[in-house]
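Hi,

Here is the structure I said I would pass on. Have a look at it first, and my notes follow underneath.

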Amino acid sequence: MSDTLLGIFSWDFIGSVIRVTTPILLAAMGALVANLAGSPNIALEGTMLMSAFIGVIVSGFTQNLWLALFAGVLSGITMSLVLAFFALKMKTDIILAAIALNIFSTGGTIFFLSTLTGDKGSSASVNSLVFPNIDLPLIKDIPVLGEILSGHHIITYVAIVLIFVMQYVLYHTPLGLRIRAVGENPDAAESVGISVNKTRLIALIISGTLTSLGGLFLSMGYVSWFARDMTAGRGFIALAAQALGGVSAFGVALGALLFGFAEALSYSLQFLKVPYEFTQSLPFIITIAVLAFYAYIRLPQNVKRRGAQSGETRNGRLFQRVWEYFSRRAGIRKGVDS
Amino acid sequence: MKEMHSDTGVSILEMRDIWKVYPNGVIANANVDIQVRKGEIHALLGENGAGKTTLMKILFGFEHPSSGKILYDGKEVAIASPHKAIAMGIGMVHQHFMLVPSLTVAENVLLGMEPKKGLSVGMAKAFEIVRQAGNQYGLSVPVEKKIEDISVGMRQRVEIIKTLVRGANLIILDEPTAVLTPQETVELFKALRILVDRGKTVIFITHKLNEVKQIADRITVLRKGHVVGTAEVKDMTQVEMSRMMVGRDVEMVIEKKPAVVGPELLCVKKLHYVREDKVAVLNGVSFSVRAGEILGIAGVEGNGQTELVQIITGLLSPSKGDIAVNEKVMRRLNPKTARKSGMSHIPSDRMVRGVALESTVEENVISDRYFKKPFSAYGIQSPRKITRFTKGLIDQFDIRVDSSKRSVKMLSGGNIQKVVVAREFTAGAKIIIADQPTRGIDVGASDFIRRQLVEERDQGVGVLLISADLTELLEVSDRILVLYRGEVVAHFDEVEGLTEETLGEYMLGIKRMSEDDLKGYSQETATDKEGMER
Amino acid sequence: MKLKFRIDTFQLYRTGIAIGIALLLGYIIIFFSKIPSDAASLWEGVRAGFDNANEAFKWFLLGPIVRWRGNEMLFNERGAIQWLNESVPIIITGLAVSIVFSAKQFNIGAEGQLFMGAVAATFVAVHFPAIPVLHPIVVILTAMVTGALWAVVPALMKAKLKASELVSSLMMNYVALYMGLFLIKTFIRDTKAGSLVSLPFAATAQLPFINERYRLHIGIVIAVVSAVVIWWILRRTTWGYQVRLIGDNINFAQYSGIATQSVVFQVQVASGAVAGMAGTLEMIGYYDRFLWLFSPGYGWDGIIIATLARNNPLFVLVAALFFSYIRVGAKIMGRNTDIAPEIVSILQAAIILLVTAEAFLSGLKQRSIEKRARKVEEALTGREVK
């Protein structure tokens, strides 16, 4: 038993966590930037699916990785542009527009797959390419550490770099300042001549770009083909990861990691004869529990009636709040002791 | 009255024949002409709802006119967005500040024109720019603090600096004094004078005549979306201005019989309320309302009135203290139990709480009694009886609407308030909490509502009236309390002979009655009482 | 009254135009995908494209109700029945969602509720003592209770903790999927069958048929009756009044003395109960065992249908019947040509985007309102207004 347990938490397991976290992480950062701008992007699922499909098709037909990358990212941006056009310009409810786009992707990828290849299930007949894994020079030779850090997929490394890039962009650049201002008080931004729609458009394009990388990873890294519905809810999981992680890119990365961990665990635990359905549903149960706990500690003291005052719900900086909660608890206990 | 229009002086702005029709069919501006001269302070005067703010939003590119022409510096312009307005040199300080609470003063001021250091925002430089801009016009601000941490007066300064760093030559201020303390108002007026001395032009939206007299050079008066006239302030008296504003002499003579006071209906005991941000908004307020009297509460907005009303009506739970109705302390006080105990409530924020805009007049007037007979039986509504009842109310309260099934959003402000009042006055209440019952509605409707309040009082109802309109308070109330910083600082059991000036001194914290005089109303005496009770 | 009527007609026009645009888009896509690559000339290719697209659209638009014998058009009984049967689950989810939407709550948990409902119903359908008439009723009630219970978690979190129901109800969908499949697999799997399906239901659990040959079951009757009942509850009862008032302005409802928290909770649970039976009706009507391997997606359809129907239960019927019609049409097209029926989701997406786009054609409406308002102003002031 302990051998098996050890086996679960092996280097392979860590590698597996990193692998399954990558697409969730990218999409979750896509969710973050869109949310901060006040234009939540629920179309992550459809965006991922579409770029996974386009990447495979373009690489299969052109045998060119760069073109596949370009087309895949472009398809993600196009999805965002359509969402932005309808939500910002045509005043469609952004959530409904996103649901429409998800429906479009689900059916559209199958339709075009079948039109182009004659197969409705997967792109097995297409000779598509994959993006490479990368060995980090020098680091790969360090024992243990090299095994963990080196040899991952190139998009995984890109994703890790993007955590820092996004944190910098959002909190240290003029663009980030504008995105946050537009999300927090669009009227204020508008009153100083910042176009709310333009800023949200930019945020959605960034969101689409990040998410499309996640999609490309799925079909050109994680596996080497496109299959119908292959995102399997990862776009929605990314939303949950963002809800957990709050408003900083680091927090969001932690949220994504939690889901990646749970998913990887569900594969490993199958060796222990734990039904995979249990482990598969674990991240969702954890999310519900954490959201509940998070909401609970954010409740104001005299919530009884205030709670009913408005329909407003809470979302935000989870880890910060949890930290505050525990430090407050600790403080109270200290007070009692002394 | 257009002949008052004179054309001396160089005009910086002219708006000609402006029309604005909102999607719901409401006409906010009709055939409006206005001309503003370079270097003047031009007051735009009018009652709430006269179309002042809409007109300025058009000027600032927030709204687009349905038709009309705008000339700026002699050239015809189309102002498609605030961006365009700013580029032309127009700045606006809105009634509700356009600031991002979690960002710093400097970030707010320079939003959209941030100095750069590499790819990042150059914070040090940003602080310097804002500090300098402020000092140049005598407006110093704490540049590194977050907006959520500074006072309202400070925030307004930030707003003005925002327009200045963007090169504004024409600055629009929308009711800037509404949220300020008297000292802050003085400071603001000083700053405005400096601005004008340095060549800026100011448009000042207000409905306060004394402010116009103090600060403005010329006025344009709007009424119901139309321009009534333009004039030099020095040529006009306040009475003349008020006539232009309201269209007739304000006759506020309400026949009032002496109050026949009955038992204590509502008793507020040592009420404390501390907001989530730790600010103590109410500090031990105590008073009572008796049957057959109107108790008025005076005070500058933001001195705890809102919280007081919300606590009494069960929308907010107090940090400390009790509410007793009919000498019974209310344990689980919420809107439902409050209404059950015989309270009705005319809320100050009628669009937020007073009505459901998409719903019909019928649905709005039965919202507190839908479950009772004859409006429903066994959980099933009786549409015909509801309609008949509503039609009765429409007649009785003179609500101008063609059908009881019209959705409330199609009604004018005054008529919406009449819907609220119709419901609250027919609830069979023993206590009526009237919070700013006539705010922002036309004179006719206001007069009607005041008379209704007095009539209810004559029927033996206890009325608590909270109003920013001192004339109204003095006219209607039998007793008056003054609330300042969450405390009762004065009480007058006799309204006869009391003047607005006297009330003003207490409201602004210049005067305060002695603890002896305040026995039973203020904190200290309240604690004494507690000691005696235990 | 007149003004209101005019705006409603406007909505009707707008929906019609949106559907027209979506169909045109579908036609264009089919046209381009059906230009043969080996056409002799461009002209030949284009003509073949038109011919193929016309043929495909004939099946798509008429297929559900028409079949051809030679050139003779006959009523397609089988297609029509498929149309009605397929509309049942989405009518039900549309109703479920329109209940929560009426209170302006945003619950996207119908998917999980109907899945869990169907799983629980399966157990009762297989094991419950077989009493005719009573059996299907118990099965449906079980599904409803389960759906309601599944809605309790996000509803409680919303009511007690003010946690956004958007994420929590979404998460519950996945939990339902995995837990449901686990329960079926572990306790009630038909080991003789090749794929993962449950044991067959007891014969007494089946819904009665209206047309036995093509399996038209009474689910459609239940759906229509539900729509009318829910319409009546929302429009005519005090509970429905509370729900609508909360949907219009929750602050006002609270101020008026309505227990908003508890009504919001009730709304979520009631919606869960309705959603719970969506899958079950199909399962004990058309099929005879549990055979889903994935979430069927009816919950998402429900959101769209409720939105298109503007939360009016009677319009839900129309919208769901329309959606089911174009889906069945697409399937019939897919059987008779080699065009993948999934093209219908492109059309659906276009319809949703255009119908819910407030700005779509809104210029027309605004102009007519302005004209009217000016006339009123003229009449009131007696002044000439341009």
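**What I found**

In chain B, helix H6 (residues 182–197) lies across three strands: S3 (41–45), S9 and S10 (201–206). Its direction is at about 145° to S10(B). Bear in mind that this is a predicted model.

Those strands belong to something wider. Chain B has an open sheet of 6 strands in the order S6-S9-S10-S3-S11-S12, and the pairing is mixed. Strand S6 (90–93) and S12 of chain B are the edge strands, each pairing on one side only. From one strand to the next, the twist averages 20°.

Now for the two ends of that sheet. At one edge, S6(B) pairs with strand S9 (residues 170–174) of chain B in the parallel sense, over 4 bridges. To find this pairing on screen, look for B:Ile90, whose bridge partner in S9(B) is B:Leu170.

At the other edge, strand S11 (residues 218–223) and strand S12 (residues 226–232) of chain B run antiparallel and are joined by 6 bridges. Here B:Ile219 has B:Ala231 in S12(B) as its bridge partner. S11(B) and S12(B) make a hairpin with 2 residues between them, and B:Lys224 in the turn has a positive phi of about 50°.

One more thing, this time in chain A. Which residues make up helix H12 of chain A, and how far apart are its end C-alpha atoms? The helix covers residues 249–268, and those end atoms are 28 Å apart. That agrees with expectation, because 20 residues at 1.5 Å a residue should span 28 Å. H12(A) is also mostly covered, with 16 of its 20 residues buried.

Cheers

Notes. Residues are numbered from 1 along each chain as its sequence is written. Chains are lettered from A and ligands numbered from 1 in the order in which they are written. This is a predicted model: local features need pLDDT of at least 70, side-chain atom pairs count only at pLDDT 80 or more; totals for chains, interfaces and linings use all residues. Two strands pair if DSSP finds at least two bridges between them. The expected span of a helix is 1.5 Å times one less than its number of residues. A residue is buried if 20 or more other C-beta atoms lie within 10 Å of its own, exposed if 12 or fewer, and partly exposed in between; C-beta atoms are placed from the backbone. Axes are lines fitted to C-alpha atoms, for helices over the stretch in contact, and angles run from 0 to 180 degrees between N-to-C directions. Two residues are in contact if their C-beta atoms, placed from the backbone, lie within 7 Å.
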